[in-house]
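Dear colleague,

Please find the structure below, together with its sequence. My notes on it follow directly after.

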Amino acid sequence: MKNCLIWFRNDLRLTDNQTVNLCLANNYSVLPVYIIDESMPIGSSSRWWLKKSLGSLCKSMSGNLVIIKGDPKTILKQLIDSYDITDVCWNARYSKQELSQDNEIEQYIIKQGLTLNIYHSTLLRDPSKTLKKDGTPFKVYTPFYKQKYSEFRYESYNYDICKLHYLPTRESKDSKSVIEAAVPEESWHKKLDSIWEPGEKGANTRLGTFLSSGLQGYAEDRNRPDLPKTSMLSPHIRFGEISIRQLSESIQDDNSHDSEIFYKELVWREFSYHLLFHFPHLIHDNLQKKFDSFEWENKQKNIKSWQKGLTGYPIVDAGMRQLWQTGYMHNRVRMIVGSFLVKNLLTHWRYGQEWFWDTLVDADIASNSASWQWVAGTGADAAPYFRIFNPVTQSKKFDPTGDYIRKYVPELKNIPSKYIHLPADLDENRLIEYGVKLDSDYPRPIVDLSTTRQRALDAFQKLPKST
Ligand SMILES: Cc1cc2nc3c(=O)[nH]c(=O)nc-3n(C[C@H](O)[C@H](O)[C@H](O)COP(=O)(O)OP(=O)(O)OC[C@H]3O[C@@H](n4cnc5c(N)ncnc54)[C@H](O)[C@@H]3O)c2cc1C
């Protein structure tokens, strides 16, 4: 009988996971392991999620998941020796730091004469295989999609997880206290308990809800933060609690425009990973080098107002408060708050990336970095820098009744829809009639939109013309 160690990382699920499939197909005895590695820190909302997700995975393995905190190489060496492991498998990760850690461990495993299987179950396709015909990586989404994904068919693995045979473990079975000790939680995360259900079960419930009530009309309404039309699957996808193949398979026979647009969004995630894999400096540096000499202002006072949702622009404030209260923000609003931070407040995109990394439950190294570069205009296939979102126009278009604003900026709840997008435009006496006194109940706009727009365009003009 062979003993196989499955190293779980961003694939916290038993269903449709090639590592699990391997063990079942070969009748291996399995040692499932998760290592909490502090050399790769995650944000505080992600820690909350991870903790719950590990608890859920451990439960579905009847407590057999071994959770250990420490250096992966040291821990894996010890486990390989003490459990007579013959085979090791995992799903690949794609940042430079992760790849180099995996590479080092891979060398060790091979040197020991063990069999190693590496899969790509956290993506639809292995990014090293999605190159252009000339062998170079794509930098533009549309040809990437058309050439590599539009015709691709998916079939998830079908197996009976009850047949998985676990190696009897000598590690602590008290996973709850191991997780408690390894992943400290801050008290403000308590509020997340009522919103999210981390784990495979929660992921499948979200998918069911989306397929029955979100998908129809998705193409049109996915831009409306006031409507529950997007899947809200992102944190489940980020932690691999549901497979991206299963999601694609669930819509691929439905030939509707809504399904096609949803699938294209999943492929945006693939594109982010493609960029991360082929341009690993994406997480720190402008992909367009000319932006290295951009004159950012990075004013702390403005950054704080943005983080707290106190900019005086209701749609921006609603988004930033949604993030703080729920660990999530609607995609359209992410673009609006991002543009406001980078362009109107002339702040380097890395400040936004870091704040999102700490506060989003779906904080994802590839999607977060690529999306911030997209918003800032510094990335591959990015929105051009000179296209600056006007938060008031965006608000009127995508939150027409102001209900999204009312939900997260309740001090404005009595203002009629027509005025809610920019209360500061109203006469002060009228505002008082609606229960709002500027400066004490709600801030005046911290910057003027047209002046700051022009300032951003002037700064852009100073850049060298080439990328
Ligand atoms: C500044 C900024 C930062 C972002 N940071 C992240 C992040 O850290 N993690 C993250 O998962 N997404 C990020 N996104 C992308 C997008 O906002 C979220 O994936 C989406 O809002 C999640 O909500 P949903 O699951 O309801 O999306 P749906 O509309 O239901 O889409 C389904 C899935 O497709 C993927 N997806 C959708 N849009 C995108 C996109 N533009 N780029 C990459 N993948 C996408 C996600 O996995 C999402 O769950 C960011 C976008 C911006 C503008």
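Asp11 lies in the loop that links strand S1 (3-8) to helix H1 (18-25); please bear in mind that the model is predicted. Asp11 is buried but forms no salt bridge. The nearest side chain of opposite charge belongs to Arg9, 5.6 Å away, whereas a salt bridge requires a separation within 4 Å. The side chain of Asp11 does make a polar contact of 2.7 Å with that of Asn91. Apart from neighbours within four places in sequence, the residues in contact with Asp11 are Asn17, Asn91, Thr122, Phe239 and Gly240.

The second point concerns strand S2 (residues 29-36), in which 8 of 8 residues are buried. Both of its faces are covered: Ser29, Leu31, Val33 and Ile35 are buried on one side, and Val30, Pro32, Tyr34 and Ile36 on the other.

S2 pairs with S1 in the parallel sense over 6 bridges, and Val33 of S2 stands opposite Trp7. Between these two strands the chain passes through H1, giving a right-handed β-α-β crossover.

S2 also pairs in parallel with strand S3 (residues 66-69), over 4 bridges; here Tyr34 stands opposite Ile67. Together with helix H2 (residues 44-60), S2 and S3 form a right-handed β-α-β unit.

Finally, S2 runs parallel to strand S6 (residues 165-166), to which 2 bridges join it. Within S6, His165 is the bridge partner of Ser29.

With kind regards

Terms used. Residues are numbered from 1 along each chain as its sequence is written. This is a predicted model: local features need pLDDT of at least 70, side-chain atom pairs count only at pLDDT 80 or more; totals for chains, interfaces and linings use all residues. Side-chain values use heavy atoms; hydrogens and water are left out. Buried means under 20% relative accessible area, exposed over 50%, partly exposed in between (1.4 Å probe, protein chains only). Lys and Arg count as positive and Asp and Glu as negative; His and the chain ends are not counted. A polar contact is a pair of N or O atoms within 3.5 Å; within protein, one must be able to donate a hydrogen and the other to accept it, and residues adjacent in sequence count only if both atoms are side-chain atoms. Contact means heavy atoms within 4.5 Å. Two strands pair if DSSP finds at least two bridges between them. A crossover is right-handed if, with the strands pointing away from the viewer, the path from the first strand over the helix to the second runs clockwise.
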